[in-house]
Amino acid sequence: YLGTDFYSSMSYYCVGDIFLPILLLFRNHIELGLLIESILCFYISVFCMYIFLTYCHENSFINRVFISIIYGIGGSSFVFLGYYLYHRFYAFLPLYFLGIHQYFDKKKLILLIVSCSILFMQNFYLMFPTLIFSFVLCVAFEIKNKKAVKVVLNDFFMVLFGIACGFLISSIVCVPGILAIFSNSRVGVIPDVKMFWDIHVYLGLLQNLIVFNPKGTDISLFSEANNYHANFYNLMIGIIPASMTIKYLISKENRVDLFAFILFCLILFIKPLNSIMHGFSVPSLRWLFLMNFYCLALSYIEISSVQSAYKEGMLYLVFVILVNCIALLCGLYSLQENMVSALVILLSIILSGIILKLYEEKRKISICLCISYIIVSHFTYIYYQTRGISVTQYPISREEVSWWNKEDEDSIFRYHIDVRNSIPYSPLNRNLSIPYGMLTT
């Protein structure tokens, strides 16, 4: 609606954009500015993850670069491509966890405060599940290190103090938007009373670690029909990090991490619990970028202590094959309708097996293959999704594009625009405000 509280609504999208000074340089070529922002988000993602890994655990340079690049080009980063309000949050996310880690190690709060203020300004919406996620990890960390109760309480108080300071610094940007969201009727209301997702969502979550979604996150094979919150996910990190994560979690000394991971999976799989991560509203998979980060962090620890996780990786691949065979026999898949998807799944399993075998003998080659497969998959998707897209400038006065709401004739500001007729679908989030000359999202 035009005429609503602009600052409150736009604080969710672009007011806190840390790249705004750069975008202002491209006011007449805003698409070029947004392209530069997306490229910067990729490099910043890799750089911030590299800093986090370097500080948290000793490892070889190759392994740090490998995991950092996977973070920068992996599933969640790809889903956020073009959704700038999400992508820039994802790029700086490792700094937040590094700030927490730094406090537990050196009792310094400065990085935690600075990173919190940046993330709150970039997207307070994603900060909500991030705070819950980090709280669980902090509890697991304290239990694993067997600290005294008094020390634990002091640590939590100081971490909360640092988060509060970061929030206060960013409050001039995010508070108006938060207040606007609290007035939204969806907050606190869970319209979906089902306990579980559609079976296709679980099938997708199971194999999406290695199988790229050939038609994007909206493919019916991996999602719930007519539910956007069940489509907006991509966990792809490749077979090497996936197998290393499995090996790490099944180790006896890492049982606390396993319990934390199981808790996250329960929250993910059970819709009423999942709604907690989405502000007690409709269940959503948008917070799965945190699972991507967590799996990559665990895989990095394990990749430094073992030569390979060939056995665990092959067991995972066999399990994926069995699940797909059962799905075919039960009629959940139709080879006639999903032939491309079936071929992509088969190719992914074969390539993953080859990469696992090579990792024992030629580590650098297998790492390059793993990264290359993810990049090729992503760019193939972009090509097929954008080759038929053309941005057409519709006259804003067309009857099927806009109309007056008869119930709101007394309101001179209430003007409705049917986005289905004015904006073509695009995974890159292009919109017609640009050819209209409107600098808005």
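When I speak of a helix today, I mean a DSSP run of H or I that is at least four residues long, and these runs are numbered from the N terminus. In that sense Ile172 lies in helix α8, which covers residues 149-182, and I begin with this residue as a way into the structure, which, I should say at once, is a predicted model. Ile172 has a relative accessibility of 66%, and because the cut-off for exposed is over 50%, Ile172 counts as exposed. The C-alpha atom of Ile172 is separated by 9.0 Å from that of Met121, although the two positions lie 51 residues apart along the chain.

Let me now step back to the whole protein. There are 18 helices and two strands, and of the 441 residues, 49% are buried. If we take the contacts with a separation of 6 or more, 75% of them are between residues 24 or more positions apart. The accessible surface comes to about 22000 Å², and carbon and sulfur atoms hold 68% of that surface.

I would like to turn next to helix α9, residues 199-207. Is this helix enclosed or open? Seven of its nine residues are buried, so α9 is largely enclosed by the rest of the structure. The buried residues are His200, Val201, Leu203, Gly204, Leu205, Leu206 and Gln207, and if you look for what they pack against, you will find α11 (255-269), α14 (310-329) and α15 (339-361).

One of those partners, α14, deserves a closer look. This helix has 20 residues and reaches 29 Å from its first C-alpha to its last, which is close to the 28 Å expected at 1.5 Å a residue. Within α14, the buried residues are Glu312, Gly313, Tyr316, Leu317, Val320, Val323, Asn324 and Ala327. These residues cover an arc of only 140° around the axis, and therefore they sit on the same side of α14. On the other side of the helix, Lys311, Leu315, Ile326 and Leu329 are exposed. The cover over the buried residues of α14 includes α9, α10 (239-249) and α15. Just after α14, you will come to Gly331, which takes a positive phi of about 80°.

Now to the aromatic residues. How many aromatic pairs does the structure hold? There are 21. One of them joins Tyr71 and Tyr90 in a stacked arrangement, with 4.3 Å from centre to centre and 15° between the planes. This pair links distant parts of the chain, since Tyr71 belongs to helix α4 (residues 61-73) and Tyr90 to helix α6 (residues 84-106), with the two residues 19 apart. Tyr71 is at 0% relative accessibility and so counts as buried, and Tyr90, also with a relative accessible area of 0%, is buried. Both tyrosines belong to a cluster linked by ring pairs, whose members are Phe52, Tyr71, Phe80, Tyr86, Phe89, Tyr90, Tyr96, Phe97, Tyr125, Phe289 and Phe293.

Staying with helix α6, I would also point out Pro94, which has its place there. Pro94 is at 0% relative accessibility and therefore counts as buried. Leaving aside residues up to four places away in sequence, Pro94 touches Cys48, Met49, Phe52, Tyr71 and Phe293, and three of those names, Phe52, Tyr71 and Phe293, you have just heard as members of the ring cluster. The C-alpha atoms of Pro94 and Tyr50 are 8.8 Å apart, while the two residues are separated by 44 residues along the chain.

If we follow the chain out of α6, we reach Lys107, in the loop between α6 and α7 (110-145). What is notable in the backbone of Lys107 is its phi, which is near 60°, a positive value in a residue other than glycine. The side chain of Lys107 lies over the face of Tyr103, at 5.0 Å from the ring centre, and with a relative accessible area of 43% Lys107 is partly exposed. There is another arrangement of this kind elsewhere, where Lys357 lies over the face of Tyr310, at 5.3 Å from the ring centre.

I will finish with Leu35, which has its place in helix α3, residues 30-56. Is Leu35 buried, exposed or partly exposed? Its relative accessible area is 49%, so Leu35 is partly exposed. The C-alpha atom of Leu35 is separated by 9.9 Å from that of Tyr84, which is 49 residues away along the chain.

Definitions and conventions:
Residues are numbered from 1 along each chain as its sequence is written. This is a predicted model: local features need pLDDT of at least 70, side-chain atom pairs count only at pLDDT 80 or more; totals for chains, interfaces and linings use all residues. Side-chain values use heavy atoms; hydrogens and water are left out. Buried means under 20% relative accessible area, exposed over 50%, partly exposed in between (1.4 Å probe, protein chains only). Contact means heavy atoms within 4.5 Å. Rings of Phe, Tyr and Trp (its six-membered ring) pair if their centres lie within 6.5 Å; planes under 30 degrees apart count as stacked, over 60 as edge-to-face and the rest as tilted. A charge sits over a ring if NZ of Lys or CZ of Arg is within 6 Å of the ring centre and within 35 degrees of the ring normal. Accessible areas come from the Shrake-Rupley method with a 1.4 Å probe; for residues, only the protein chains shown count as cover. The expected span of a helix is 1.5 Å times one less than its number of residues. The arc is that of the directions from the helix axis to the C-beta atoms.
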